[in-house]
Amino acid sequence: MIKKNIPNAITCINAIGGTVASIFAVNPFDISGGLFHYQWTWLFIAISMLADFFDGFAARLLHVKSEMGKELDSLCDMVSFGVAPSILMFGILTASDSAPWWAWGAVAIAVGAALRLAKFNIDTRQTTSFLGLPVPANAMFWIGYSAAIIGGIANLATVWCFIPILLIVVYLMNSEVPLLSLKVSSWNLKDNIAQVILIVGAAVLIGLFGVQGLMWFVIFYLLVSLVVSRGALKPQK
């Protein structure tokens with residue numbers, strides 16, 4: 001019984017991270033370490049991402065995959081990679097202006113993630129790769145986007161920039177665009193060259209741009225996936 005629930009316990013850490021991230025996103029106070037509340041939000045979403053990776057790894061390692069684990073994973077992902085980024089962006093946009101009406105568009109981030117996760121759970125084609133932008137990548141993009149606004153790229157906080165980008169990201173989450181998975185299928189470098197390129201690209205972009213680099217990495221991820229997977233993953237009718 002303990003072995004069976006180890007992956008579920010890790011998944012619950014995902015939910016805890018997403019919930020705490022949401023709390024920090026709407027409460028401008030610091031605990032320690034000199035971090036601002038939005039930086040705590042980024043940190044706890046990152047913790048959720050680690051938990052989301054290791055719960056699946058633990059389930060495969062212990063051979064205890066289950067339908068409950070699959071459903072629990074999606075519910076926790078909704079909190080961490082749908083609701084938390086939505087609240088984060090609403091807070092960042094309202095802080096950069098006097099409560100603009102279009103900041104409410106950030107709610108679409110959560111709605112798009114919910115639709116994505118519901119579709120993913122019943123889609124048998126997405127076992128070794130993805131159709132549409134995964135919700136962790138969605139969260140990663142909005143962390144980088146919020147960091148870019150805070151870093152001084154004010155145009156990203158305007159209605160003319162935010163709304164079109166929002167619609168594109170929500171569309172990508174629920175599209176049939178073939179995208180790579182970071183799961184390693186073997187220890188053969190030749191079989192995982194795309195994953196290596198993505199990891200190196202992430203390191204370079206984050207090294208150059210800091211947290212903002214996450215936004216550019218998601219764009220890089222989309223481009224690499226389209227180049228590598230073009231024609232290799234065809235959606236079934």
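**Close-up views of a predicted model**

**View 1. Helix H6 and its buried residues.** Helix H6, residues 159-173, has 15 residues and reaches 21 Å from its first C-alpha to its last, close to the 21 Å expected at 1.5 Å a residue. This view, like the others, is drawn from a predicted model. The buried residues of H6 are Val159, Cys161, Phe162, Leu166, Val169, Leu172 and Met173. Two of these, Val169 and Met173, are contacts of asparagine 138, the subject of View 4.

**View 2. The whole chain, for orientation.** The protein contains eight helices and two strands. Along the sequence these elements follow the pattern α-α-α-α-β-α-α-β-α-α. Of the 237 residues in the protein, 45% are buried. Among contacts with a separation of 6 or more, 73% join residues 24 or more positions apart. The exposed area of the protein is about 12,700 Å², and carbon and sulfur atoms supply 73% of it.

**View 3. Helix H1 and the setting of asparagine 8.** H1 spans residues 2-26. This helix has 25 residues and reaches 36 Å from its first C-alpha to its last, close to the 36 Å expected at 1.5 Å a residue. Its buried residues are Pro7, Asn8, Ile10, Thr11, Asn14, Gly17, Gly18, Ala21, Ser22, Phe24 and Ala25. Asparagine 8 counts as buried because its relative accessibility is 10%, under the 20% limit. When neighbours within four places in sequence are left aside, asparagine 8 is in contact with Met68, Gly69 and Leu72.

**View 4. Asparagine 138 and its contacts.** Asparagine 138 sits in helix H5, which covers residues 135-150. Its relative accessible area is 0%, so asparagine 138 is buried. Apart from neighbours within four places in sequence, asparagine 138 is in contact with Phe81, Ile109, Leu133, Val169 and Met173. Ile109 is one of the buried residues of H4. Val169 and Met173 are among the buried residues of H6.

**View 5. The buried face of helix H4.** Helix H4 runs from residue 107 to residue 122; it has 16 residues and reaches 24 Å from its first C-alpha to its last, close to the 22 Å expected at 1.5 Å a residue. Ile109, Ala110, Gly112, Ala113, Arg116, Leu117 and Asn121 are the buried residues in H4. Seen down the axis of H4, these buried residues fall within an arc of 160°, so they line one face of the helix. An α-helix has 3.6 residues a turn, so residues three or four places apart point the same way. Leu115 and Ile122 are exposed on the other side of H4.

**View 6. The salt bridge between lysine 119 and glutamate 176.** The count of salt bridges comes to one. In this salt bridge the side chains of lysine 119 and glutamate 176 meet at 2.9 Å, N to O. Lysine 119 lies in helix H4 and glutamate 176 in the loop between H6 and strand S2 (178-179), so the pair ties together parts that are 57 residues apart in sequence. Lysine 119 is partly exposed at 23% relative accessibility. Glutamate 176 is also partly exposed, with a relative accessible area of 35%.

**View 7. A nonpolar patch on the surface.** The patch is formed by Ile193, Val196, Ile197, Val200, Val204, Leu208, Phe209, Trp216, Ile219 and Leu223, and together these residues have about 870 Å² of accessible area. H7 and helix H8 (213-229) each supply at least two residues of the patch. H7 gives the most, with seven residues.

**View 8. Valine 196 and valine 204 within the patch.** Valine 196 is found in helix H7. Valine 204 is also in H7, which covers residues 193-209. Valine 196 counts as partly exposed, at 32% relative accessibility. Valine 204 is partly exposed at 45%. Residues of a patch need over 30% relative accessible area, and both valines belong to this patch. Valine 204 and phenylalanine 217 are 13 residues apart in sequence, and their C-alpha atoms are 9.1 Å apart in space.

How values were computed. Residues are numbered from 1 along each chain as its sequence is written. This is a predicted model: local features need pLDDT of at least 70, side-chain atom pairs count only at pLDDT 80 or more; totals for chains, interfaces and linings use all residues. Side-chain values use heavy atoms; hydrogens and water are left out. Helices (H or I, at least four residues) and strands (E, at least two) are DSSP runs, numbered from the N terminus. The expected span of a helix is 1.5 Å times one less than its number of residues. Buried means under 20% relative accessible area, exposed over 50%, partly exposed in between (1.4 Å probe, protein chains only). The arc is that of the directions from the helix axis to the C-beta atoms. Contact means heavy atoms within 4.5 Å. Accessible areas come from the Shrake-Rupley method with a 1.4 Å probe; for residues, only the protein chains shown count as cover. Patches are made of residues with over 30% relative accessible area and no salt bridge: like charges are joined within 9 Å, nonpolar side chains (Val, Leu, Ile, Met, Phe, Trp, Tyr) within 5 Å. A salt bridge is a side-chain nitrogen of Lys or Arg within 4 Å of a carboxyl oxygen of Asp or Glu.
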